[in-house]
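Here's a quick briefing to read with the structure open beside you. Have a look around first, then go through the notes topic by topic.

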Amino acid sequence: MFKCPPLTAVLLAAVLPFIALAQSQQQPQQPMGGGSSTGGVYAPIHDAENRPITAGGFVKSGPVVFVDDSVKSGLASWTHVMGTPQKKYIIEANGSGVCLLDYNNDGWLDIYLVNGSTYDALTGKTTPPHAALFRNNHDGTFTDVAEQAGVTNDRWGFGCAVGDYNNDGWPDIYVANYGKNRLYRNNGNGTFTDVAEKAGVTLGNWSTGPTFGDYDGDGRLDLFVPGYIHYDINNPPIPGSKQVGYSFCNYRGVSVMCGPRGLEGESDHLFHNNGDGTFTDVSVKAGVSDPNKYYGFSSAFVDLNNDGKVDLVVADDSTPNYLYINKGNGTFEDDSYASGFALNQDGREVAAMGLAIGDYDNDGWDDLYVSDFSDDYGVLYHNDGQANFSDVSYPMGVAQPTIPFLGWGDGFIDYDNDGWKDLFIVNGHVYPGVDQHDWGTSFAERPLLFHNEHGKKFVLVPPVEGTGLAIVTPARGAAFGDLFNNGKIDVVINPLVGHAILLRNVSDDHNHWVELKLVGTGPKTPRDAIGAVVYLTANGMRQRGDVISGGSYMSSNDQRVHFGLGAATTVDKVEIHWPGGDIETVHLPAVDRIFTITQSKGITGVLCVACSKK
């Protein structure tokens, strides 16, 4: 008789009742239609206290993985603002991203939170809300220094990405707005200067989730910026207006804000880095301009076919996703449909919000996950090799549980350092009115954490009352990284409404880990090594990690590559594939440390917080 490991048994016992209930009730009754792509109308799922499963389903005991450190850390002092509580227009409902970066190069991650705005702020009637730059104080607390640093934005903000575009060793920030975007150049003294006008990357309508990456191999980071909707602030889309018909302004037969379907989309833009502080728009020439004007949300440069060149992936809302293969001559081939990534297994586009990238089954190929609207499932795309993808959501266990939830920021994170990447998704609805109907969903929703069972299955980790998995908020952006330099991946959430949230990882595992900060020095390698791929062998497993800018939902994660090692106390091999083609093998002398590895020089720095406490 098969015997589950202890953790697996705990997880299964907690979630099987909900899975069984979901399987018995969740069958689509009819096509949805309306402004967002969905899979149908599903029967509501409630917990034992008759709450929608999206805001309930809590258990009294179980593994405690995250605690809510928002107040203790200081992040709760900052509030995200976007439009009015009624969310009458789509521009008020999509929220903003969050970026993790070490802006002052002190070895500790800081947090940049993009803020939204309001119609009154845009017209000068009220003071616009500010973005936040929370400096890490190394003691579990953070201080907002956005004003001193010059990065408050004061525009209607959506996405952000981190990348050292001028190769000076200091991370820069690109902020995507409604209106002109910003390129904050890091001055290296705790301040930033907006150089977007000079650089030629302001654009001007509705930009979303950007990404930095060196697509042409010249050692300089280029910039891709998706567009969402061509929005006229003076003529907003309302039901029956000339902008949109009534059919795109309803959800389950109830009148709601209009879109995105039925509205004119906004093109995407690829900016080539000229190396002199300016960029050139090469979108059409490169073949990534999005002539279909799909509703772009999140994007990332990453090597999906393992040929040493970064490809480009874009998660699109209620329209087919894009996957562009880098041809190595300055252009891309649109393989969206041929790759299997454009649609789900039913041949249907989904309302893709967030974009998670990672090799969840340790086969050496990066897989993809896109979060989705409620009344549909988030899609897990397995990379079968050479950037050919299969929708494995149902057999892997991540489809059915996500149907009531409306997903946004997401990431593959090895939260328990067992060497297998787990999946974390934050959720929240776009229509406040869902709370007035028995649809089994809610405006504020709890996050979902799926534990990776050795690449064979994902199992829901139960939300224990009073812990981080039981927070209920209308979440949007999310970024993942080791905020406390203890080898555990934490989560920062930017909600649509309310205070910023920090979920601190307190998993009680005793597994080992390493993290690698890569520094490029070659003529064809960006200084921050975005695009690098690392293969680590330990404990009988070969894992892959990538240095990526962008992804999740209009956000950027910790660019240090993190590996859980399980019980292994030694690392057998580290092989780094640097952008530009160099391959370097490095020996790590210990575990439970953060190593700085400089191209062709090996280990040039070691950080061990636990060592200093002994």
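What follows covers the disulfides, two sheets and one arginine in a loop. Keep in mind that this is a predicted model. The count of disulfides comes to three, and two open four-strand sheets get a closer look, one in the order 3-4-5-6 and the other in the order 25-26-27-28.

**Disulfides**

- A disulfide is a covalent bond between the sulfur atoms of two cysteines.
- With the bonded cysteines numbered in sequence order, the pairing reads 1-2, 3-4, 5-6.
- C99 is joined to C160, with an S to S distance of 2.2 Å. This pair ties together distant parts of the chain: C99 sits in strand 3 and C160 in strand 7 (residues 156-163), 61 residues apart.
- Are C99 and C160 buried or exposed? Both C99 and C160 are buried.
- The S-S torsion for C99 and C160 is about 125 degrees, so that disulfide is right-handed.
- C249 bonds to C258, and their sulfur atoms are 2.1 Å apart. The torsion about the S-S bond of C249 and C258 is about 105 degrees, which makes the disulfide right-handed.
- C249 has a relative accessible area of 2%, so it counts as buried. C258 is buried too, at 1% relative accessibility.
- C608 and C611 make a disulfide with an S to S distance of 2.0 Å. The torsion about the S-S bond of C608 and C611 is about 75 degrees, so this disulfide is right-handed.
- How do C608 and C611 fare for exposure? C608 is buried, with a relative accessible area of 15%, while C611 is partly exposed at 30% relative accessibility. The two land in separate classes because buried means under 20% relative accessible area.

**The sheet with strands 3 to 6**

- Strands of a sheet pair through backbone hydrogen bonds, either parallel or antiparallel.
- Which kind of pairing does the sheet in the order 3-4-5-6 use, parallel or antiparallel? The pairing is antiparallel, and the sheet is open.
- Strand 3 (98-101) and strand 6 (142-144) are its edge strands, each pairing on one side only.
- On average, neighbouring strands of this sheet are turned by 20 degrees against each other, ignoring direction.
- Strand 5 (residues 132-136) pairs with strand 6 in the antiparallel sense over three bridges. In strand 6, F142 is the bridge partner of N136.
- Edge strand 3 is also where you'll find C99 of the disulfide to C160.

**The sheet with strands 25 to 28**

- Four strands in the order 25-26-27-28 form this open, antiparallel sheet.
- Strand 25 (407-413) and strand 28 (458-460) are at the edges with a single partner strand each, so one side of each has no neighbour in the sheet.
- Here, neighbouring strands are turned by 20 degrees against each other on average, direction ignored.
- Strand 27 (residues 448-452) and strand 28 are joined by three bridges in the antiparallel sense. F450 has L460, in strand 28, as its bridge partner.

**R527 in its loop**

- Where does R527 lie? R527 is in the loop between strand 33 (512-519) and strand 34 (533-538).
- R527 has a relative accessible area of 35%, so it counts as partly exposed.
- R527 and D164 are 363 residues apart in sequence, yet their C-alpha atoms are 6.9 Å apart in space.
- Setting aside neighbours within four places in sequence, R527 is in contact with D164, N167, D168, G169, L518, V519 and G520.

Notes. Residues numbered from 1 in each chain as written. Predicted model: local features only at pLDDT ≥ 70, side-chain atom pairs only at ≥ 80, totals over all residues. Heavy atoms only, no water. Pairing = 2+ DSSP bridges. Axes fitted to C-alpha atoms, helices over the stretch in contact; angles between N-to-C directions. Buried < 20%, exposed > 50% of the residue type's maximum accessible area, 1.4 Å probe, protein only. Contact = heavy atoms within 4.5 Å. Disulfide = S-S within 2.5 Å.
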